[in-house]
Amino acid sequence: MTAFPNLFSPFRIGSLSIKNRIVMSPMETHLCNAEGFVTKELISYYKERSLGGVGYITVENTAVDPAGRVNDGMMCVHDDKYIPDLKKLADAIHAGGGKIVLQLSHAGREALPYFTGTGTVAPSAIPSPLTKEMPKELTSDEVKAIVNSFACGAERALKAGFDGVEIHMAHGYLVNQFFSPESNTRTDDYGGDTSRRARFGKEIVESIRKKVPDDYPVICRISADEYTETGLKLEESKEIAKILEKAGASAIHASACNYASAFFNIPCYYLEEGCFVHLAEGIKKVVKIPVLSVGRIHDPAMAEKVLRENKADLIVLGRPLIADPYLPNKVKEGKLADIQVCLSCNRCIESISDKKLICTVNPYVGKDELFHLQKTVKPKKVLIIGGGPAGMSAAITLSGRGHNVSLWEKKGELGGNLRYAAMPPKKEPVGKFLRYLLKQTEKKSISVSLNKEATENNIKQFAADAVVLAHGAKDVPVEIKGTEGDGVLNVKRAFSSIETIGNNVAIVGGAAEGCELADYLSSQGKKVSVIEMRRVLGLGLVAHPRFHVCERLRKRGATLIINAKVTEVGRDYIIISRRKMPDEKLEGFDTIVIPTLHQPNTELESQLKTFVPEVYTIGDAKEGRTALEAIAEGVEIGLKI
Ligand SMILES: Cc1cc2nc3c(=O)[nH]c(=O)nc-3n(C[C@H](O)[C@H](O)[C@H](O)COP(=O)(O)OP(=O)(O)OC[C@H]3O[C@@H](n4cnc5c(N)ncnc54)[C@H](O)[C@@H]3O)c2cc1C
Ligand SMILES: Cc1cc2nc3c(=O)[nH]c(=O)nc-3n(C[C@H](O)[C@H](O)[C@H](O)COP(=O)(O)O)c2cc1C
Ligand code: SF4
């Protein structure tokens with residue numbers, strides 16, 4: 001008996017019977033090849049997610065027209081030549097008992113012309129808010145040709161064995177561009193009032209219906225609110241949903257945003273969980289067909305509540321299934337603490353702008369077959385130094401493969417710098433992920449010694465076959481006149497001694513750590529000034545959280561100074577130097593925080609190499625970076641030894 005009865009009740013969209021209410025959201029992976037064909041990596045990525053227990057998979061956006069390809073990482077279905085490989089994908093999912101739907105897409109003005117080589121097209125000649133590229137306005141004959149491309153794409157999906165199609169009518173892509181008064185100023189049959197702007201979408205559904213069986217699922221994904229001043233709002237989207245229902249749509253998938261509001265579309269940790277549920281709820285009130293809800297519904301209890309309160313019929317999960325393909329099965333079995341938590345950090349979406357999908361917490365993405373660990377034939381005595389994310393990931397992987405693993409941590413608790421990473425406001429997912437790592441470390445037969453500092457001597461005595469150095473970076477204070485001595489406060493000390501921090505704080509260095517500390521302190525009512533010598537704040541953060549943290553600081557009235565180098569620090573003042581301006585003294589601070597450089601920490605490595613057969617340095621000890629590299633290198637070494 002599951003604690004989530006609604007989430008695990010069966011459902012049906014037309015001919016598609018679904019074992020539970022969890023749907024995998026379409027998410028571009030760049031695991032196809034440059035011509036848009038399915039690859040082995042792509043099949044194993046989706047197979048893994050299907051085996052993880054999801055109700056059905058929606059495969060990433062797939063181009064129905066070469067001019068609608070957003071880049072060379074977008075899959076294609078614009079030609080019959082794609083059918084055999086798409087069939088291999090559908091067959092692989094069906095062989096494991098799963099269900100699979102293909103998302104059909106045309107990016108319109110958001111396609112990249114340098115890549116497609118054809119220039120972009122749109123309902124009206126209004127430039128993309130992102131690329132600023134001016135599109136060509138489609139003639140009505142060209143509009144009809146694209147309607148037909150969608151219908152042909154659906155027919156190919158059917159031939160390849162897909163259980164349904166989803167039409168990408170959201171996120172500022174071509175169909176959304178037609179729906180929106182912001183991007184559609186046409187005066188012909190495809191522009192004007194709501195029903196005329198909805199005509200393109202309506203004709204797509206109608207023409208697909210002519211090519212597929214009556215009960216074949218045709219799901220329409222819309223941006224029910226574009227979150228821009230002049231774009232679509234829920235009330236108008238309800239009218240569009242009704243038009244699509246009448247045209248033959250089988251379900252409405254209520255997403256949000258366009259390229260102008262892209263920092264809200266894939267809600268990072270600064271945005272509320274379930275922030276788009278009200279959109280599904282609104283649509284559900286006006287249509288009889290099923291409605292899907294998406295957007296940070298990452299907590300199973302929230303998903304269950306949305307269904308119980310009848311705000312949606314299906315819950316769509318995106319990033320949580322990148323982070324942990326087995327999430328649905330774990331929820332069903334009540335193993336919530338075993339879920340590898342998505343951080344909502346958006347490293348994934350940033351990665352696919354020019355390369356294959358990556359995930360901060362799941363290094364197996366794109367190499368999914370490696371997740372099922374091969375036992376070692378030669379178990380070794382392995383010593384891991386440092387219990388941060390790198391050390392714990394290595395320990396979990398090595399122990400899972402049957403090695404005899406010991407982990408030494410000099411502090412009284414595991415976690416390393418991830419403990420600081422979890423402290424700023426809204427970063428609870430990092431704390432949850434840390435608890436996940438601790439639980440996995442506990443569950444495996446790893447011998448953990450806390451308050452144990454590794455030295456050349458005690459490592460020699462331990463006589464390991466292999467030593468993994470995961471002892472973090474060497475933190476070196478940045479040299480600024482006046483900061484010599486022990487009294488200086490750095491970011492980590494500031495986080496851990498909040499009670500000693502005064503009301504007026506200067507934070508020297510506005511990269512990732514400085515901005516997050518500023519957010520932490522200003523959220524507690526302190527007056528904060530951030531001084532950064534480069535042109536931008538928040539360097540080192542992913543673009544989405546960087547945008548939001550800067551907004552938060554601005555809204556709270558923090559003083560944000562860029563292009564300014566701090567040349568001297570006194571007890572309550574700093575001196576800043578800017579190009580072509582006289583030096584300036586800023587005074588009256590109670591606390592001044594100075595930045596730290598995270599440098600490679602390789603002294604132990606050179607000592608150990610003389611007596612340990614295998615020595616590896618990973619994570620920040622190798623080079624100060626982020627948890628992504630620490631976890632990836634931990635797993636990599638875990639698979640290598
Ligand atoms: C304020 C802050 C916010 C951050 N936010 C993020 C974020 O949002 N996302 C992200 O991806 N990254 C973030 N990072 C960076 C991330 O935390 C680090 O990159 C990551 O923790 C590095 O992992 P690691 O295991 O290599 O090293 P660490 O986390 O530094 O762990 C090293 C461990 O080794 C122990 N140790 C050191 N010497 C010895 C010894 N001789 N014997 C035994 N044990 C020893 C230390 O006590 C420590 O526990 C943040 C960092 C900070 C400081
Ligand atoms: C890496 C990545 C790629 C995405 N690609 C697509 C896509 O191809 N089509 C689409 O409609 N949405 C795409 N999205 C948006 C997701 O489908 C989903 O709406 C979003 O991630 C919010 O859901 P979540 O909070 O469950 O992750 C993508 C999101 C991510 C993170
Ligand atoms: S990269 Fe970050 S947001 Fe994306 S799936 Fe992984 S943990 Fe989640």
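The surroundings of ligand 3 and two residues with positive phi are described here for a predicted model.

Ligand 3 occupies the space that forms the largest cavity. Its shell consists of Arg319, Ile322, Cys342, Leu343, Ser344, Cys345, Asn346, Arg347, Cys348, Cys359 and Thr360. Sorted by class, six residues of this shell are nonpolar, three are polar and two are charged. Cysteines appear in the shell at Cys342, Cys345, Cys348 and Cys359, and cysteine is counted here as nonpolar. The charged class is represented by Arg319 and Arg347, while Ser344, Asn346 and Thr360 belong to the polar class. Two helices, α12 (319-323) and α14 (347-351), each contribute at least two residues to the shell around ligand 3.

Positive phi values were found in two residues other than glycine, His171 and Asn451. In His171, phi is near 55°. This residue is part of the loop that connects β9 (164-169) with α5 (174-179). The relative accessible area of His171 is 11%, and His171 is therefore classed as buried, the limit being under 20%.

For Asn451, phi is likewise near 55°. Asn451 is located in the loop between β16 (447-449) and α18 (456-462). The relative accessibility of Asn451 is 59%; Asn451 therefore counts as exposed, for which the value must be over 50%. Thus His171 is a buried loop residue, whereas Asn451 is an exposed loop residue.

Technical notes
Residues are numbered from 1 along each chain as its sequence is written. Chains are lettered from A and ligands numbered from 1 in the order in which they are written. This is a predicted model: local features need pLDDT of at least 70, side-chain atom pairs count only at pLDDT 80 or more; totals for chains, interfaces and linings use all residues. Side-chain values use heavy atoms; hydrogens and water are left out. A residue is near a molecule or strand if one of its heavy atoms lies within 4 Å of it. On a 1 Å grid over the protein atoms alone, a cavity is a set of points where a 1.4 Å probe fits but cannot get out, and a pocket is an open set with protein on both sides within 12 Å along at least five of seven lines; lining residues have an atom within 4 Å of a point. A molecule sits in a cavity or pocket if more than half of its atoms lie within 2 Å of its grid points. Helices (H or I, at least four residues) and strands (E, at least two) are DSSP runs, numbered from the N terminus. Buried means under 20% relative accessible area, exposed over 50%, partly exposed in between (1.4 Å probe, protein chains only).
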